[in-house]
Amino acid sequence: MNPSRSDAREPWDWPVTRLPGVGQERARLLARLGIQTVEDLLLHRPRRYEDRRRFCRIAELQPGEPALVRGRVMATGLRSFRGRSRCVYELILEDGSARLHCRWWNMPFLEGRFSIGDELVLYGKVRTINPPTMDHPEAELVEGVEESFIHLDRLTPIYPLTERLTQRWLRARIWHVLNHWPPQWPDSLAHGRLPANWQHLPTRAQAIRWLHFPDQIEQTEWARQRLALDEFLAWHQALWERRQRFQQVAIALPCSGDHNRLIKPFLTHLGFTLTEAQTRVLRQIRADLGGRWPMRRLLQGDVGSGKTVVAACAALMTIESGYATALMAPTEILAEQHYAQFRRWFDPLDVPVWLYTSRRKTGPAHRPVTAFTPERTRRVAGPPVPAGLHVGTHALLHEQVEIPRLGLVIIDEQHKFGVSQRELLVRKGRFPHLLIMTATPIPRTLGLTLYGDLDVSVLDDLPPGRKPVRTLVRSSAQLKEVWEMVRAELTRGHQAYVVCPRIEESNASAVRAVRKEHAVVQTALQPYPVGLLHGKLPAHEKDRVMEAFRSGAFAVLVSTPVIEVGVDVPRATVMVILNAESFGLAQLHQLRGRIGRGGQPGLCILVSDASAPEAQNRLRVLEESADGFAIAEADLRLRGPGELLGQQQSGLPRLRFGDLIRDLPLIELAKRLVRETQSASLQRTRPERPK
Ligand code: ADP
Ligand code: MG
């Protein structure tokens, strides 16, 4: 191995088989760990470190505390019992202070692994000290003295392994690479560019060394941070390049409106004034719609923060300019609701609204150009279609749906859609503007990672008069009391939701369970009429139930979480959520946002029998906090990004070192560094962008 020899590929790209001591067989085992190149090997992250400069004397072991001991094997053997179906491998270790009894259950292949007289390093917890006994400790053989500076007398890395690879072997390979090659690992970042509070971060080469062979334990975290920063830099660089490519080909349609011809009457008849946040966001959107590149904007706002009005104004600006808007919602119920709402708002303005769902396509027939359609439209061949609003579900994506002069795409409740669906809709036009709306507050780390190529607006105040929803956690033993609270609301003429757990809705037995729950609620709340809504109902039946609830014909709606997003029934003031522990916090927060919308205070009762303290604590977060962002952060900490994002996680980078829960400062730093470098290099090559 001679890395200075000229080679088509750089040494860190070499396959591991070019390293001494790594043949085909070992390479196959390494591949199972995801290690194929020298770089993969060097980035193989230890799962912990052992301080082998100090060992614990066996006589001083404390029960329950993990400890590292070193000694010689006095006896070993495998014992079978229960007619040979079970076995235990036992070993006695002696270190001059006492003897330690070690046991490994049902691992017959250990027989013969260690011999009397072998020297071992053992890491584990003693269960009892009379006599000292460890079950399933990790054991490593001390072989000879020649390599003790790699494996002993230091902070020693312990790696994730696969069967038939040993710590010693892997550690020696990494040591060898690090000590026989000049440290010319490519470094994406000049150290001088790090801000003052990050000066403790090492170079990449130093980080790789510290990752495996640190002198002090703090160095391992600094190394992790540096390698994580590199991952975030690469990610943001890729996002930046994607955005650059887009801006080179995309021509923005001028959609910023026409002297408020439609918006002004719209706002006058709205019945309320926009909040400060809504006004600020609309100013940002208007600038985007008139900008040089198509808008790519994410609008985050807690449940009830009033995103729909913002969407309406953005649509009207576009329509004023003579272009159409498409609005995609994740469920039929929500699409229908938007359709009804926008008809109420837009009919008086003479702006056409169409609806597309899998079973219904409705709206005005294509009419001759009306007064507000500007000149441009007349140049389109065929009968001109007035610019209007096309509302729909996924049905909008259907290839037969054509939206002429598509200027703006709005996606409601983005977390319900994948990125590919959003792209499909965008491709119906020629670089339309894109506004993505979400009420699932995304923790900043995930937002920056997933949406790093988008501009972000936040609706951070709620419309006036909104009362926070009081939230209580109860057990099913207290259900009687719960139904009494619901009844008290019903007698005041209010309405209630009862939400059954998240279930596989295609499953017939689950539907039976919801029906049963419906019967229980009917009995408990007699004589109030109780509706039932679940995903298995035919669409027209869903409509009928939803409409009956909206009109007040049903006082109570028993439902699966299909009502989760966007549904607006102002008189609903109370919500009972059964088996609440089966939901994520953000989802519960979203659900309870359905109530207390009509100026009446809302009450949400989470029913849960989960006895685990974690589950209880999780639900308490909702009792205490009404801040969607704080809740999302808690959810991220408690459940991790995969659970939190569901299908969206496919958009996340694979991270070996970066941590989406803890690394917000590093992610922000990476974004800033990429922006600085790129805009500096752009300024050298391009004339300045006109404002
Ligand atoms: P979300 O952000 O969850 O989609 P909506 O757009 O459905 O919220 O708005 C929730 C409710 O608040 C609606 O009934 C809407 O009419 C009302 N609303 C929106 N903006 C305001 C405002 N500025 N003042 C008063 N009420 C508002
Ligand atoms: Mg909404």
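This report describes the overall make-up of a predicted protein model, then its salt bridges, and finally the surroundings of its ligand.

**The protein as a whole**

The protein contains 19 helices and 22 strands, and of its 691 residues, 51% are buried. Its accessible surface comes to about 32200 Å², and carbon and sulfur atoms account for 51% of that area. When contacts between residues at least 6 apart in sequence are considered, 73% of them join residues that are at least 24 apart.

**Salt bridges**

Side chains of opposite charge can pair when their charged atoms come close. How many salt bridges does the structure hold? The count for this model is 36, and three of these pairs are set out in the table below, each with the distance between its N and O atoms.

| Pair | N to O distance |
|---|---|
| Arg224 and Asp663 | 3.1 Å |
| Glu547 and Arg550 | 3.4 Å |
| Arg620 and Glu623 | 3.0 Å |

The pair formed by Arg224 and Asp663 has its closest N and O atoms 3.1 Å apart. Arg224 belongs to helix 6 (residues 218-249), while Asp663 sits in the loop between helix 18 (628-645) and helix 19 (664-685), so this salt bridge ties together parts of the protein that are 439 residues apart in sequence. Are these two residues buried or exposed? Both Arg224 and Asp663 are buried.

The salt bridge between Glu547 and Arg550 is found within a helix, for both residues lie in helix 15 (residues 539-551), where they are three residues apart, or about one turn of the helix. Glu547 has a relative accessible area of 44% and is therefore partly exposed, a class that runs from 20% to 50%. Arg550, at 29% relative accessibility, also counts as partly exposed.

A similar description can be given for Arg620 and Glu623, which both lie in helix 17 (residues 613-624) and are three residues apart, about one turn of the helix. With a relative accessible area of 31%, Arg620 is partly exposed, and Glu623 is partly exposed as well, with a value of 29%.

Salt bridges can also be linked to one another, and in this model a network of them joins Arg47, Arg48, Glu50, Arg52, Glu138, Glu140 and Arg171.

**The surroundings of ligand 1**

Which residues come nearest to ligand 1? There are 18 residues around ligand 1, and those that come nearest are Thr273, Gly304, Lys307, Thr308 and Arg466. Sorted by class, this shell has six nonpolar, seven polar and five charged residues. Helix 9 (residues 307-320) gives the most to the shell, with three residues.

Some of the contacts with the ligand can be described atom by atom. A polar side-chain atom of Thr308 lies 2.6 Å from an oxygen atom of ligand 1, whereas a polar side-chain atom of Gln278 lies 2.9 Å from a nitrogen atom of the ligand. In the case of Thr275, a backbone N or O atom is placed 3.5 Å from a nitrogen atom of ligand 1. On its own, ligand 1 has 570 Å² of accessible area, and the protein covers 84% of it.

Note on methods:
Residues numbered from 1 in each chain as written. Chains lettered and ligands numbered in written order. Predicted model: local features only at pLDDT ≥ 70, side-chain atom pairs only at ≥ 80, totals over all residues. Heavy atoms only, no water. Salt bridge = Lys/Arg side-chain N within 4 Å of Asp/Glu carboxyl O. Helix = DSSP H or I, 4+ residues; strand = E, 2+ residues; numbered from the N terminus. Buried < 20%, exposed > 50% of the residue type's maximum accessible area, 1.4 Å probe, protein only. Near = heavy atom within 4 Å. Polar contact = N/O pair within 3.5 Å; in protein donor to acceptor, adjacent residues only side chain to side chain. Areas by Shrake-Rupley, 256 points an atom, 1.4 Å probe, with all protein chains shown as cover. Nonpolar A, V, L, I, M, F, W, Y, C, P; charged D, E, K, R; others polar. Contact = heavy atoms within 4.5 Å.
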